[in-house]
Amino acid sequence: MLNCVFMDEPEIVLDSKRIGRKHRPLVIAEIGINHEGKIEKAKKMIQDAYDAGAECVKFQCHVIDDEMTQNDVIPANATESIWEIMKRCSFSENQEIALKNYVEELGMIYLNTPFSRAAADRLEKMDICAYKIGSGECNNIPLLTHIATFGKPMILSTGMNDIFSISKSVDILKKANIDFALMHVTSMYPTPYEDVRLGFLHELKTKFPDIVIGLSDHSFGNYTCFAAIALGASILEKHFTSDKNWSGPDIPISISPPELKDLIFGSNAIFRALKNKKEILDGEKLTAKFAFTSVVTIKDIKKGDTFSMENIWVKRPGTGEILTKSFDQILKKKSNQNIKKNTQLKWSMIDD
């Protein structure tokens with residue numbers, strides 16, 4: 001039986017997987033642009049993610065001419081312009097179809113993030129099951145509205161946005177009557193631990209109690225993701241690479257196959273640890289037999305003697321008829337028989 005706090009939690013469905021607090025967390029391995037435009041690299045990461053136990057991988061769809069004007073803006077985690085990065089790392093429609101097929105043949109969920117209307121239309125033509133929306137598009141009302149018309153579930157990242165701007169996007173998605181989730185994100189690469197701000201998960205949950213929440217994390221390691229599960233996250237997203245020695249702006253913040261395996265195993269373990277309400281389990285009852293204490297005599301007692309702190313006390317094991325919780329009830333009552341020292345008391349030995 002799940003803890004009652006989970007019973008009325010919101011859910012969304014991606015493909016056939018149900019996501020919410022009643023289910024183990026979905027871990028999204030974001031391949032993103034770590035493939036550097038090389039399809040064989042992308043396929044290797046898909047296979048390595050699958051071998052690590054991943055249920056879902058995510059790419060980024062960049063139709064460069066529809067996405068941005070040519071520019072020389074250099075991201076903080078790169079040494080070349082965003083235009084050059086995306087031009088090099090974008091796939092053709094046929095390549096993306098091939099990767100989607102490869103993912104789905106392995107039985108995994110294929111997600112992709114569109115960064116433009118043309119990218120969204122391409123992905124819809126490919127009939128993807130859901131859309132992952134990046135933080136940069138959280139307040140892109142025209143694009144959100146356009147994607148919402150497809151009627152597919154969305155996972156919306158919220159980096160660089162406050163509750164006010166997030167609320168506007170939520171209103172659009174609710175009006176479209178689609179299933180969606182909100183991801184807390186800090187859009188810094190890497191994110192210092194003090195800037196992850198896991199407390200915002202509580203704020204999201206309080207403000208939007210009917211929405212599934214998650215964490216898209218850019219800090220090093222899996223620590224913050226593990227903590228996020230206990231704070232209500234049902235989706236965890238981390239950049240992923242097969243080899244940390246590869247080049248690419250997101251490689252330094254990406255987790256490796258062993259780290260992905262650990263994230264999946266650990267998130268499932270934490271989910272299991274959150275289940276069930278506090279009650280005495282059968283396994284605990286076995287432990288209680290030696291760990292609990294029973295009321296025993298600590299001196300020889302004669303018939304008619306009064307039980308006191310000087311002649312009775314509590315000792316292990318807890319196999320006696322009278323357990324410690326009843327100790328005070330026995331004090332000042334009298335013995336109706338002679339009792340040897342270190343005898344577990346029984347109710348029949350005590351005068352009414």
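## Close-up views of a predicted model

**View 1. Ile 74 and the residues it touches.** Leaving aside its neighbours within four places in sequence, Ile 74 is in contact with Thr 79, Glu 80 and Ser 81. Like every view here, this one comes from a predicted model. To find Ile 74, look in the loop between helix H2 (64–67) and helix H3 (82–89). Is Ile 74 buried or exposed, or something in between? Its relative accessible area is 48%, so Ile 74 counts as partly exposed. You can also look across to Glu 84, which is 10 residues away along the chain: the C-alpha atoms of Ile 74 and Glu 84 are separated by 9.4 Å.

**View 2. An open sheet of 8 strands.** Follow the strands across the sheet and you meet them in the order S5-S4-S3-S10-S9-S8-S7-S6, with parallel pairing. Which strands form the edges? They are strand S5 (109–114) and strand S6 (131–133), each of which pairs on one side only. Neighbouring strands of this sheet are turned against each other by 25 degrees on average, with direction ignored. As a reminder, strands of a sheet pair through backbone hydrogen bonds, and the pairing can be parallel or antiparallel.

**View 3. Strands S3 and S10, with helix H1 on the sheet.** Here strand S3 (residues 26–32) runs parallel to strand S10 (residues 235–239), and 5 bridges join the two. A handy pair to pick out is Ile 28 and, opposite it in S10, Glu 237. Helix H1 (residues 39–51) packs on the sheet, where it touches S3 and strand S4 (56–61). The direction of H1 makes about 165 degrees with that of S3.

**View 4. Strand S9, a mostly covered strand.** How many residues of strand S9 (residues 212–217) are buried? The count is 6 of 6. Try sorting the side chains by where they point: Val 212, Gly 214 and Ser 216 point one way from S9, while Ile 213, Leu 215 and Asp 217 point the other way. Residues on both sides are buried. Strand S8 (residues 180–185) runs parallel to S9 and is joined to it by 5 bridges. One pair to look for is Val 185 and its bridge partner in S9, Ser 216.

**View 5. Gly 159, a buried loop residue.** Gly 159 sits in the loop between strand S7 (154–157) and helix H7 (163–175). Its relative accessible area is 0%, so Gly 159 is buried. Not counting residues up to four places away in sequence, Gly 159 touches Ser 135, Val 185 and Ser 187. You have met Val 185 already, as the bridge partner of Ser 216 in S9. Lys 43 is 116 residues away from Gly 159 along the chain, and their C-alpha atoms are separated by 29 Å.

**View 6. Lys 100, a buried lysine in a helix.** This residue belongs to helix H4 (residues 93–105). Why does Lys 100 count as buried? Its relative accessible area is 9%, and buried means under 20%. The residues that Lys 100 touches, not counting those up to four places away in sequence, are Tyr 110, Met 126, Asp 127 and Ile 128.

**View 7. A nonpolar patch on the surface.** Which residues form this patch? They are Tyr 193, Phe 220 and Tyr 223, and together they have about 370 Å² of accessible area. Tyr 223 lies in helix H9 (residues 223–230). At 60% relative accessibility, Tyr 223 counts as exposed.

**View 8. Two cis peptide bonds.** One of them joins Tyr 189 and Pro 190, with omega at about 0 degrees. Pro 190 is in the loop between S8 and helix H8 (199–207). Another cis bond runs from Arg 316 to Pro 317, again with omega near 0 degrees. Look for Pro 317 in the loop between strand S12 (312–315) and helix H12 (327–330).

**View 9. Asp 15 and Asn 342, with positive phi.** Neither residue is a glycine, yet phi is near 60 degrees for Asp 15 and near 65 degrees for Asn 342. Asp 15 is in the loop between strand S1 (11–14) and strand S2 (17–20), whereas Asn 342 is in the segment after H12. With 54% relative accessibility, Asp 15 counts as exposed; Asn 342, at 47%, counts as partly exposed.

Note on methods:
Residues are numbered from 1 along each chain as its sequence is written. This is a predicted model: local features need pLDDT of at least 70, side-chain atom pairs count only at pLDDT 80 or more; totals for chains, interfaces and linings use all residues. Side-chain values use heavy atoms; hydrogens and water are left out. Two strands pair if DSSP finds at least two bridges between them. Helices (H or I, at least four residues) and strands (E, at least two) are DSSP runs, numbered from the N terminus. Axes are lines fitted to C-alpha atoms, for helices over the stretch in contact, and angles run from 0 to 180 degrees between N-to-C directions. Contact means heavy atoms within 4.5 Å. Patches are made of residues with over 30% relative accessible area and no salt bridge: like charges are joined within 9 Å, nonpolar side chains (Val, Leu, Ile, Met, Phe, Trp, Tyr) within 5 Å. Accessible areas come from the Shrake-Rupley method with a 1.4 Å probe; for residues, only the protein chains shown count as cover. A salt bridge is a side-chain nitrogen of Lys or Arg within 4 Å of a carboxyl oxygen of Asp or Glu. Buried means under 20% relative accessible area, exposed over 50%, partly exposed in between (1.4 Å probe, protein chains only).
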